[in-house]
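Got the viewer open? Switch to cartoon view and follow along, one selection at a time.

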Amino acid sequence: MRLNIGRWRLLLFCLNAFNVFGCAVTDCITPVFIPAECVAYSFLLLVLRMSNVKYKLFLLRHGEGAWNKENRFCSWVDQKLSEDGVKEAQDCGKLLKEQGYKFDLVYTSILSRSIQTAWLVLEAMGQEWVPVVKSWRLNERHYGSLIGLNRAEMALQHGEEKVKLWRRGYDVTPPQIDESHPYFLEIYNDRRYTTCDVPKETLPRAESLKEVLDRLLPYWESTVVPEIKKDKTVLISAHGNSCRALLKHLEGISDEEIANVTLPTGIPVLLELDENLRPVNPRQLLGDQAKIQAAIKKVEDQGKAKSST
């Protein structure tokens with residue numbers, strides 16, 4: 001690892017200053033004195049973490065789609081972005097541009113809302129020329145026979161816990177879609193699925209999050225990882241569940257805890273990774289934190305029962 005001598009001299013100066021003076025943290029009511037050794041240790045730990053960051057990876061759940069707005073399981077039905085979703089993608093691009101990020105490569109699913117989001121982000125950043133690579137392996141989780149149904153109405157009928165299991169459980173697979181389903185032919189007669197690296201007949205009919213990770217990992221390892229290791233800054237513009245599956249893999253999130261990981265639409269997630277592609281720092285959801293928390297709550301509330309009154 002190369003060391004910038006000037007920066008390390010500055011660091012040593014700061015540490016010496018902290019060791020001599022300590023640090024007072026104040027709010028409008030009560031000043032709190034933090035012992036010098038605690039401040040120095042925390043500062044040194046932060047700098048050491050920063051020095052271990054070798055790669056930056058960005059994950060993005062697409063902007064709001066029409067069926068997100070209607071609170072329906074969209075899954076593999078192809079939907080464009082809503083007006084709000086278009087704005088989310090454009091705002092995401094503006095934020096990334098303001099913060100000085102530049103992409104070398106973008107990966108998307110083969111669903112329009114994922115691709116459209118990537119295009120709008122790149123346009124807002126003035127980086128339309130960046131290559132965009134598409135794969136079905138980044139598609140949203142296949143929700144089987146639940147596709148098209150309203151989450152809140154299902155929670156009223158089956159209970160919120162059951163719907164949370166279907167939506168968020170790691171190894172719970174919903175009932176499979178069959179030819180009697182109103183969206184079966186729309187999905188499986190779509191020409192885009194003739195471009196997959198597996199026969200169309202073997203494509204999933206329903207998936208758990210575990211199965212999403214199983215079909216995503218080979219693509220991650222064979223296609224995405226080699227590009228990251230060439231020092232390319234990569235954006236993956238995909239879906240809530242394909243992004244959650246990848247987060248589970250990278251961060252080592254437990255089967256139980258992954259149910260509590262929520263990604264709102266249109267919010268970029270920054271992962272700072274070491275040379276082994278392990279996170280050096282906690283994931284960062286970029287943007288106004290109050291708005292992000294409100295957006296997370298909105299997603300979590302989608303699976304709650306609402307009586308039609």
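Here is a short walk through a sheet, a helix across it and one buried serine.

Before you click: this is a predicted model, where local features need pLDDT of at least 70 and side-chain atom pairs count only at pLDDT 80 or more, while totals for chains, interfaces and linings use all residues. Residues are numbered from 1 along each chain as its sequence is written, and side-chain values use heavy atoms, with hydrogens and water left out.

Start with the open, mixed sheet: six strands in the order β5-β4-β6-β3-β7-β8. Strands here are DSSP E runs of at least two residues and helices H or I runs of at least four, numbered from the N terminus; two strands pair if DSSP finds at least two bridges between them. β5 (132–134) and β8 (284–285) are the edges, each with a single partner strand, so one side of each has no neighbour in the sheet.

Now select β3 (55–61). Six of its seven residues are buried (under 20% relative accessible area, 1.4 Å probe, protein chains only). With β7 (268–273), β3 pairs antiparallel over six bridges; look for Leu 57 opposite Leu 271. With β6, β3 runs parallel over five bridges, and Phe 58 has Leu 235 as its bridge partner.

Move on to β4 (105–108), which pairs with β5 in parallel over three bridges. Tyr 107 sits opposite Val 133.

Last stop: Ser 114, in helix α5 (112–125). Ser 114 is buried, at 0% relative accessible area. Show its contacts (heavy atoms within 4.5 Å): leaving out residues up to four places away in sequence, Ser 114 touches His 62, Thr 108, Ser 109, Ser 237, Ala 238 and His 239.

Technical notes:
Axes are lines fitted to C-alpha atoms, for helices over the stretch in contact, and angles run from 0 to 180 degrees between N-to-C directions. Buried means under 20% relative accessible area, exposed over 50%, partly exposed in between (1.4 Å probe, protein chains only).
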